[in-house]
Amino acid sequence: MSVAITGVGLLLPGLTDPQGLLGPAVSGADPVDPAALIGKKGLRYKDRATQIGLCLASAALTDAGLLADGGLTVPGERVGIVVSTNLGNADTVCRAVATIAKEGTTGLSPMDTPNASSNITASETAIRFDLRGPNLTVCNGVTSGLDAVRWAALTVRSGRADHMLVLGVEPDNEVTRALVGGPVVDGGAAVVLGRAAGNARAKVTLGPAVRAASLAACADELTRTAPGAAGWLTDDPALVPVGAEHFGLHGWGECSGALGVLQCVAAAGWAATGRTEPVYALLGGAGTASAGLVLTPRGPSS
């Protein structure tokens, strides 16, 4: 079964258009304001990553035609969610640990402690939009975003869900900055995956997904199994052959778990410009596992 991206959402400071990911980062933009996008209701006591994730979910589900007038247009039990975030609630966890060390457990706020769950963004999003299908959070480092997309695609192919929402989100705060040694993206991206066959909303079809011990090995495997990519989404420009276009998605801060999903939305932006050639998305680094994914625009005759 072929799986496609049927809806996208993008939320970065100064940018909500997927095509904008193909250009330089927007500088000097105001921070994302979730309340201005989806209203204040339901945002109180939510951590920053979850607030941004709710905005992304609303945008992607609407774009896929699954959300209208505040409710799902399809059965909720057939829609699942995978969230990729490595730093999402790190500030909540660190704050809770500091409070326990200073005041004991009695000092913890009953409104704050639920946010200490690593699955909080996925669970709150599922509750908000009545997504009763499979629910998963992936937080396994640099490949997290593409891994989340791969798991979501597998869920659709296996028949466990008809649609899967994938969120990649990271917040920018003192704790996350200390952990990564600099600014964090403070935003993210979302895609909805569904069956490609007969789907008029299909934007990009997912091709082979690979994992390897290095970026170079991933690139070799992708070019062997699905040759002909004209666009490369990777932090390593040395992998990009002469004549191909390179998009590193730099300048937004550390994207971490959001990067792989941002790459998929960038591929949708590539498709929206009229390009029909495949794109490779690659994630990894020195001494770490690497992941790759082929993304092919759906042309009018696809």
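In this predicted model, the second largest pocket is lined by Val142, Asp235, Gly248, Leu249, His250, Gly251, Trp252, Gly253, Glu254, Cys255, Ser256 and Leu259. Its volume is about 160 Å³. By class, the lining of this second largest pocket comprises 5 nonpolar, 5 polar and 2 charged residues. The largest pocket has a volume of about 220 Å³. Its lining numbers 16 residues, of which Pro13, Val26, Val185, Gly251 and Trp252 are the closest to the centre. Gly251 and Trp252 thus appear in the lining of the largest pocket and also in that of the second largest pocket. Nonpolar residues account for 9 positions in the lining of the largest pocket, with 3 polar and 4 charged residues making up the remainder.

Enclosed space was examined as well. The structure contains 2 cavities of 30 Å³ or more. The largest cavity holds about 40 Å³, and the second largest cavity is likewise given as about 40 Å³. Leu146, Asp147, Arg150, Ala209, Val210, Arg211, Ala291, Gly292 and Leu293 form the lining of the largest cavity. At least two of these lining residues come from each of α5 (144-157), β8 (204-212) and β12 (290-297). The lining of the largest cavity consists of 5 nonpolar residues, 1 polar residue and 3 charged residues. Around the second largest cavity lie Val142, Leu215, Asp235, Leu259, Leu282, Leu283 and Gly284, a lining of 5 nonpolar, 1 polar and 1 charged residues. Val142, Asp235 and Leu259 are among the residues lining this second largest cavity, and they also line the second largest pocket.

The strands were then considered as a sheet. Ten strands are arranged in an open sheet with mixed pairing, in the order β5-β4-β6-β7-β1-β8-β12-β11-β9-β10. The edges are occupied by β5 (135-138) and β10 (245-247); each has a single partner strand, so one side of each lacks a neighbour in the sheet. On average, neighbouring strands of the sheet are turned by 25° against each other, direction ignored. Within the sheet, β1 (residues 3-11) and β7 (residues 187-195) run antiparallel and are joined by 8 bridges. In one of the bridges to β7, Ala4 is partnered by Gly194. The strands β8 and β12, which contribute to the lining of the largest cavity, are adjacent in the strand order.

Helix α8 (residues 259-272) lies across β1, β6 (163-170), β7, β8, β9 (231-233), β10, β11 (279-283) and β12. The angle between α8 and β7 is about 65°. Leu259, the residue at which α8 begins, is part of the lining of the second largest cavity and of the second largest pocket.

Aromatic rings were searched for pairs over the whole structure, and 2 aromatic pairs were found. In the pair of Trp232 and Tyr280, the ring centres are 4.9 Å apart and the planes stand at 75°, so the arrangement is edge-to-face. This pair links distant parts of the chain, with Trp232 in strand β9 and Tyr280 in strand β11, 48 residues apart. In the sheet, β11 and β9 are adjacent in the strand order, and both are among the strands that α8 lies across.

Definitions and conventions:
Residues numbered from 1 in each chain as written. Predicted model: local features only at pLDDT ≥ 70, side-chain atom pairs only at ≥ 80, totals over all residues. Heavy atoms only, no water. 1 Å grid on protein atoms, 1.4 Å probe; cavity = no way out; pocket = protein on both sides within 12 Å on 5 of 7 lines; lining within 4 Å. Points joined across faces, edges and corners; volume = space filled by probe spheres on them. Helix = DSSP H or I, 4+ residues; strand = E, 2+ residues; numbered from the N terminus. Nonpolar A, V, L, I, M, F, W, Y, C, P; charged D, E, K, R; others polar. Pairing = 2+ DSSP bridges. Axes fitted to C-alpha atoms, helices over the stretch in contact; angles between N-to-C directions. Contact = heavy atoms within 4.5 Å. Phe/Tyr/Trp six-rings, centres within 6.5 Å; stacked < 30°, edge-to-face > 60°.
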